[in-house]
Amino acid sequence: MSGLTLSHVTKEFGTFKAVNNVSLSVPDGTFVCLLGPSGCGKTTLMRMVAGLDLPTEGSITLGGEDITRVPTHKRNLGMVFQSLALFPHLTVGENIAYALRIRGASKDEQKKRVDELLSMIHLPGFSDRSVNKLSGGQRQRIAIARALAISPKLFLLDEPLSALDAKLREAMQVELRQLQQRLGITTIVVTHDQREAMTMADTVVVMNGGEIRQAAAPVDIYRRPADSFVADFIGSTNLIPFTTDGKGEASVFGSSVAGLTLGTTRSGTISVRPEDVQIVPPAESSLAGKVTFVRDLGGSVETFIEAGGQQIVAVSAPRSRPDVTVGQTVGLRFDPETSVVLAR
Ligand code: ATP
């Protein structure tokens, strides 16, 4: 089987399971982001893929070959870490050619590849510059080019953009994704930034407590979160308790909600994204609440409503801004299509 496959991978440090029974299949040429809060095990998982740590249990295959115990330098990987670790005493060209030189490539081969990579990262002519005189974004690109010099089978990046300021970081996310698509290289990025993951990945793998909570396309993670952790971690959402009468009719805050049928589940939580909460006149909904705050962010308007002892947030575009004031009683509607019943 091609691609990268992790089967029941566990990593224990003493009695602590940093990664717990993780199975994941990464098809060739796809871009995967490992996403989760600090300490969830992303880096540990990545280090096992890189061969920098041995799993306590489980196996890892790449292109059908079991690489669980293959040393890092024999895995044909390109790696970029947050620190970048460019060699400060070498020029840009020497940095990029480093792995080629170690592998015995001729001077001509090295120069040709360096020129090719520099043009690919939009820095042609930079070969003789000192790496110490580059901007953050340029250093980032050089680190990427250096990792790609040997045409690796797998490209691994651990928080590669976290040292950059917000604007540059967003631009680099798009650039990295475009580069990956052009090269068709299987890529895994560790990040704790959900926007970054949503921007770049074919598959977002959401982790918590050493386990995978959900692995799916960005839009599915957002629209169909598997549980309340994922729903809350990805974007913002309203987590609302519900009960049913056992026949499917659902009640929220003690009122039945027309059109919201929740099967035979007796109680649980639904996730409703703020953009899916509609504010309507009280007569048009059995669900009522009181407006407590309105925040106009220019590009969107957020209305905070207290209903059933909890805060609900509704987001609308400025043009469809609800005509409400603080203290006003309003009706609320959730579209059953976009209300997701979460696993407990
Ligand atoms: P961050 O975003 O903060 O880097 P992470 O999701 O990458 O977090 P890991 O670095 O994989 O998390 O760490 C997962 C857990 O394993 C943490 O609780 C960490 O303290 C623990 N851990 C990691 N490496 C070791 C080690 N060598 N010895 C003991 N515990 C470790």
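Visitor: What separates the centres of domain 1 and domain 2 in this structure?

Guide: In this predicted model, the centres of domain 1 and domain 2, taken over C-alpha atoms, are separated by 40 Å; the domain assignment places domain 1 at 4-232 and domain 2 at 238-341.

Visitor: How do you know which residues of domain 1 and domain 2 count as being in contact?

Guide: Contact requires heavy atoms within 4.5 Å, and by that rule 8 residues of domain 1 are in contact with 8 residues of domain 2. Between them the two domains bury about 740 Å², with 43% of it on carbon and sulfur atoms.

Visitor: Why is the pair formed by the ligand and Thr-44 called a polar contact?

Guide: A polar contact is a pair of N or O atoms within 3.5 Å. An oxygen atom of the ligand is 2.5 Å from an N or O atom in the side chain of Thr-44, so this pair meets the definition. By the same cut-off, the side chain of Lys-42 qualifies, with an N or O atom 2.9 Å from a ligand oxygen, and so does Cys-40, where a polar backbone atom is 3.0 Å from an oxygen of the ligand.

Visitor: How much of the ligand's accessible area does the protein cover?

Guide: On its own the ligand has 640 Å² of accessible area, and the protein covers 56% of that.

Visitor: What makes up the shell around the ligand?

Guide: The shell divides into 5 nonpolar, 5 polar and 1 charged residues, and its largest share, 3 residues, comes from α1.

Terms used:
Residues are numbered from 1 along each chain as its sequence is written. This is a predicted model: local features need pLDDT of at least 70, side-chain atom pairs count only at pLDDT 80 or more; totals for chains, interfaces and linings use all residues. Side-chain values use heavy atoms; hydrogens and water are left out. A polar contact is a pair of N or O atoms within 3.5 Å; within protein, one must be able to donate a hydrogen and the other to accept it, and residues adjacent in sequence count only if both atoms are side-chain atoms. Accessible areas come from the Shrake-Rupley method with a 1.4 Å probe; for residues, only the protein chains shown count as cover. Helices (H or I, at least four residues) and strands (E, at least two) are DSSP runs, numbered from the N terminus. Ala, Val, Leu, Ile, Met, Phe, Trp, Tyr, Cys and Pro count as nonpolar, Asp, Glu, Lys and Arg as charged, and the others, Gly among them, as polar. Domain bounds come from an automatic or database domain assignment. Buried area is the accessible area (1.4 Å probe) that two parts lose on being put together, summed over both.
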